[in-house]
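Biologist: Could you walk me through this fold, with the cut-offs spelled out as we go?

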Amino acid sequence: MTRVRKAAVDYGLYLVTDAGLTDARLHEVVTAAISGGVGIVQLREKATPTRAFVDRARALVALLRPRGIPLLINDRVDVALASGADGVHVGQSDMHVGDVRALMGPDAIVGLSVETPAQAKAAEHAPVDYLGVSPVFATATKPDAAPPWGVAGLCGLRRTTRHVLVGIGGIGPVNAAEVLHAGAEGIAVVSAICGAADPLAAARALRAVVDEVRMPVRI
């Protein structure tokens, strides 16, 4: 199956999965999330054996591709290639984005996490499609995360980079609008959807914030 066209990707509401929160409910949670307005999904499986990881990725590709929603794989280029996923998201200690691009090709979506202004500056000419600004706010999902960027830090980055920015870390319905107003094209969430009792309702609430911020001002 042909990959989702990069030009058609909606970064507004971006779901990052968490095996500890979804467990056997992965397919159910992702289905609810996309029904609620998620436009891109990243499969993150830190402890899953490779074969099972590929199987889960293939199942999500089959779910998402007909709907025009891209699936990205966290860290693992091999899993992305084996499953036919639309791209890869890497961190600062993972495979270099230049190598990721060379292996995945020009049509793949490649994202890179940046935790400091220095990392963002170094990535300015990197072959990536977006930067994951992490964390915007303090988060319990990733206890080893760097100090938060905060809204002011995100605003400053928006003024100095050409890249699409996706904020992640401690984002929910209460503060999502702040992240978007600060210049991020999208918000990425983990527990706000994966840990919700009703993932569909949670996704809809976040999507409503995204759509309200994007709504043109009427004079």
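What follows is a chat about the barrel, the cores, the salt bridges and some single residues.

Modeller: Sure, ground rules to begin with. This is a predicted model, where local features need pLDDT of at least 70, side-chain atom pairs count only at pLDDT 80 or more, and totals for chains, interfaces and linings use all residues. Residues are numbered from 1 along each chain as its sequence is written, and side-chain values use heavy atoms, with hydrogens and water left out.

Biologist: How many strands are in the closed barrel?

Modeller: Strands here are DSSP runs of E with at least two residues, helices are runs of H or I with at least four, and both are numbered from the N terminus. Two strands pair if DSSP finds at least two bridges between them. The order round the barrel is β1-β2-β3-β4-β5-β6-β7-β8 with parallel pairing, and the twist from one strand to the next averages 25°. So the closed barrel has a strand count of 8.

Biologist: Which residue is the bridge partner of Leu15 in β8?

Modeller: Strand β1 (residues 13-16) and strand β8 (residues 186-189) run parallel and are joined by 3 bridges. In β8, Leu15 is partnered with Val189.

Biologist: Which helix gives the largest share of the largest nonpolar core?

Modeller: A nonpolar core is a set of buried Ala, Val, Leu, Ile, Met, Phe, Trp, Tyr and Cys residues joined through side-chain atoms within 4.5 Å; buried means under 20% relative accessible area, exposed over 50%, and partly exposed in between, using a 1.4 Å probe and protein chains only. The largest core has 61 residues, and those with the most contacts inside it include Val30, Leu64 and Ile73. Its largest share is 7 residues, from helix α3 (residues 50-64).

Biologist: At about what angle does α3 run to β3?

Modeller: Axes are lines fitted to C-alpha atoms, for helices over the stretch in contact, and angles run from 0 to 180 degrees between N-to-C directions. Helix α3 lies across β2 (40-43) and β3 (71-74). Its angle to β3 is about 160°.

Biologist: Is Leu72 buried or exposed?

Modeller: Leu72 sits in strand β3. Contact means heavy atoms within 4.5 Å, and leaving aside neighbours within four places in sequence, Leu72 has contacts including Tyr14, Val41, Val88 and Tyr130. Since its relative accessibility is 0%, Leu72 counts as buried.

Biologist: How many salt bridges does a search of the whole structure find?

Modeller: The criterion is a side-chain nitrogen of Lys or Arg within 4 Å of a carboxyl oxygen of Asp or Glu. Searching the whole structure with that gives a total of 11.

Biologist: How many residues apart in sequence are the parts that Arg207 and Asp10 tie together?

Modeller: Their side chains meet in a salt bridge at 3.0 Å, N to O. Arg207 is in helix α10 (residues 199-214) and Asp10 in the segment before β1, so the parts they tie together are separated in sequence by 197 residues.

Biologist: Which residues are linked with Arg207 in a network of salt bridges?

Modeller: Arg207 is buried at 11% relative accessibility, while Asp10 is partly exposed at 23%. Asp211 also forms a salt bridge with Arg207, with the closest N and O atoms 3.2 Å apart; both lie in α10, 4 residues apart, about one turn of the helix. The network links Arg207 with Asp10, Asp211 and Arg214.

Biologist: Which residue forms a salt bridge with Glu185?

Modeller: Glu185 is partly exposed, with a relative accessible area of 31%. The closest N and O atoms of this pair are 2.9 Å apart, and the partner of Glu185 is Arg158.

Biologist: How far apart are the axes of α2 and α10?

Modeller: Two packed helices are described by the angle between their axes and the distance between the axes. In α2, Val29, Ala32, Ala33 and Ser35 meet Pro199, Leu200 and Ala203 in α10. Helix α2 (residues 26-35) packs with α10 at an angle of about 35°, and the axis separation is 7 Å.

Biologist: With which residues is Asn175 in contact, leaving aside neighbours within four places in sequence?

Modeller: Asn175 sits in the loop between β7 (164-168) and α8 (176-181). At 14% relative accessibility, Asn175 counts as buried. Its contacts are Phe137 and Gly170.
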